[in-house]
Amino acid sequence: MNNSQLKNALLRLGDDALILGQRLAEWCGHAPALEEDIALTNISLDLIGQTQSYLSLAGSLFEEGIKSDDELAFLRSGREFQNLLLVEQPNGDFGDTIVRQFLFDAFALLRAEHIAQQSFNPEAAGIAAKAVKEIRYHFDHSSKWMVRLGDGTPESHSRVQKSLNDLWKFTGEMFISDEIDRSGLESGLLPNLEELKKEWDVKIDDILSKATLVRPEDGFMQTGGRKGIHTEAFGFMLAEMQILPRTHPGASW
Amino acid sequence: MSDLPHQEINGAELVIKVKRQMQDVMDPELPFLSVEEMGILRDVIFEKDHVVCIITPTYSGCPATEVIAEDVLTAARVIDNKAEVRIAISPAWTTDWINKETREKMQKHGIAPPEGSSHDRSFLTGEGRVIPCPLCKSKNTKLVSPFGSTACKASFICNECLEPFEHFKCI
């Protein structure tokens, strides 16, 4: 894995966490109950914290000079972000948010567990070891909500099933390997995505059966996030996220 | 170069003095506990010509980390005006580093301390575990939400005295 591949692998880890963290922060003050408002924003905070660590590390690998985590988060354009399309999807209703979280948490947990164990990049291992503890907690939370909504009322069941059906087309992207994933696998930094998919399937199927939900068929899968090609909603989200530091460069408070 | 042994002695002394100073640096979110008791202050060392305080965040995104870094720096600079603060992520902070006395202090201040060891996953949320009420000591309590007012706590309610309380999550 060369310097540029490592940098991009770290940017992907940071971008996944940043974009989902930003989406969850949009729930602040809007969640269906106070406890859930606190939960979603707590998860957001953990993700933004992971972002800071991953992006700072990625920022140290730019040939043109060190870039700070803030520069990377606030001053890159949409095409430069490499997050999964899944995490940028709009919050929708509470069920949409929970399904998005659940599908991502299962993946993120397995990925972080691998990175925490590898020795190719000890700094990334340190960040991931910390993240594992947090993501485990997030996955526990989203799994319980899947069961509660799926195995709840006919209304909650049908709505969360629809969320699952709608978001399923974004799950394929998590397991597609490109040159960065392959070099990451060779060096040991990144997991084997084919193997990881099997473990992900077990986690997902276990909860879906408890939630009495039907796993959608693997059909057409939407991709592009890793190449910087995003869905329509992403630009609007980015505009809101970046407007302050772009309007008032260097602003602090 | 002839000054070197002399400097080393100074270094050791400075470290002791700074460590003493650190006993008064409190966790801003648990102001009755010092950063040392919380396991946030990992070490105080002497490097080249100045003291370095190594701290660790409890959670990746804990907003208190910045405040703690500033407080630690201010306290250390009273002793050594070249003192520095360094943030170390690895090994990841764990509630296992919080000792028995500190857990008792939490209890006294109305926060249910982390139960058991982080190696046991069932301790994660406290769910399925008996988390006694820190106020009336009843074991008849209920998890309200695995998240609380800060990243490190979960919300509980006591079914006996009906008081809500917070449980320090075991990670």
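This report describes the interface, the largest pocket and the cavities of a predicted model with chains A and B.

## Interface between the chains

The contact between the two chains draws 25 residues from chain B and 22 residues from chain A. The size of an interface is often given as the accessible area lost when the parts come together. For chain B and chain A this buried area comes to about 2000 Å², and carbon and sulfur atoms give 63% of that area.

On the side of chain B that touches chain A, the residues divide into 13 nonpolar, nine polar and three charged. The rule finds zero salt bridges across the interface of chain B and chain A, whereas six residue pairs, with both residues at pLDDT 80 or more, are in polar contact between the two chains.

## The largest pocket

Rolling a probe the size of a water molecule over the atoms shows where empty space is left. In this model the largest pocket holds about 1400 Å³ of space. Its lining is made up of 41 residues, of which A:Ile48, A:Gln52, A:Asp69, A:Asp70 and B:Glu66 are the closest to the centre of the pocket.

Both chains supply elements that give two or more residues to this lining: from chain A these are helix H1 (3-25), helix H2 (34-59), helix H3 (69-74), helix H6 (122-150) and helix H10 (232-247), and from chain B helix H2 (64-79). The most is given by H2(A), which provides ten residues to the lining of the largest pocket. By class, the lining of the largest pocket consists of 22 nonpolar, 14 polar and five charged residues.

## Enclosed cavities

When the whole structure is searched, three cavities of 30 Å³ or more are found, and the largest cavity has a volume of about 130 Å³. The lining of this largest cavity comprises 13 residues, and those closest to its centre are A:Arg111, A:Asp181, A:Leu190, A:Leu193 and A:Arg226.

Two elements of chain A, H1 and helix H5 (94-117), give two or more residues to the lining of the largest cavity, and H1(A) gives the most, with three residues. Helix H1 of chain A is also listed among the elements that give two or more residues to the lining of the largest pocket. The lining of the largest cavity has eight nonpolar and five charged residues, with no polar residues.

How values were computed:
Residues are numbered from 1 along each chain as its sequence is written. Chains are lettered from A and ligands numbered from 1 in the order in which they are written. This is a predicted model: local features need pLDDT of at least 70, side-chain atom pairs count only at pLDDT 80 or more; totals for chains, interfaces and linings use all residues. Side-chain values use heavy atoms; hydrogens and water are left out. On a 1 Å grid over the protein atoms alone, a cavity is a set of points where a 1.4 Å probe fits but cannot get out, and a pocket is an open set with protein on both sides within 12 Å along at least five of seven lines; lining residues have an atom within 4 Å of a point. Grid points are joined across faces, edges and corners, and a volume is the space filled by probe spheres set on the points. Helices (H or I, at least four residues) and strands (E, at least two) are DSSP runs, numbered from the N terminus. Ala, Val, Leu, Ile, Met, Phe, Trp, Tyr, Cys and Pro count as nonpolar, Asp, Glu, Lys and Arg as charged, and the others, Gly among them, as polar. Contact means heavy atoms within 4.5 Å. Buried area is the accessible area (1.4 Å probe) that two parts lose on being put together, summed over both. A salt bridge is a side-chain nitrogen of Lys or Arg within 4 Å of a carboxyl oxygen of Asp or Glu. A polar contact is a pair of N or O atoms within 3.5 Å; within protein, one must be able to donate a hydrogen and the other to accept it, and residues adjacent in sequence count only if both atoms are side-chain atoms.
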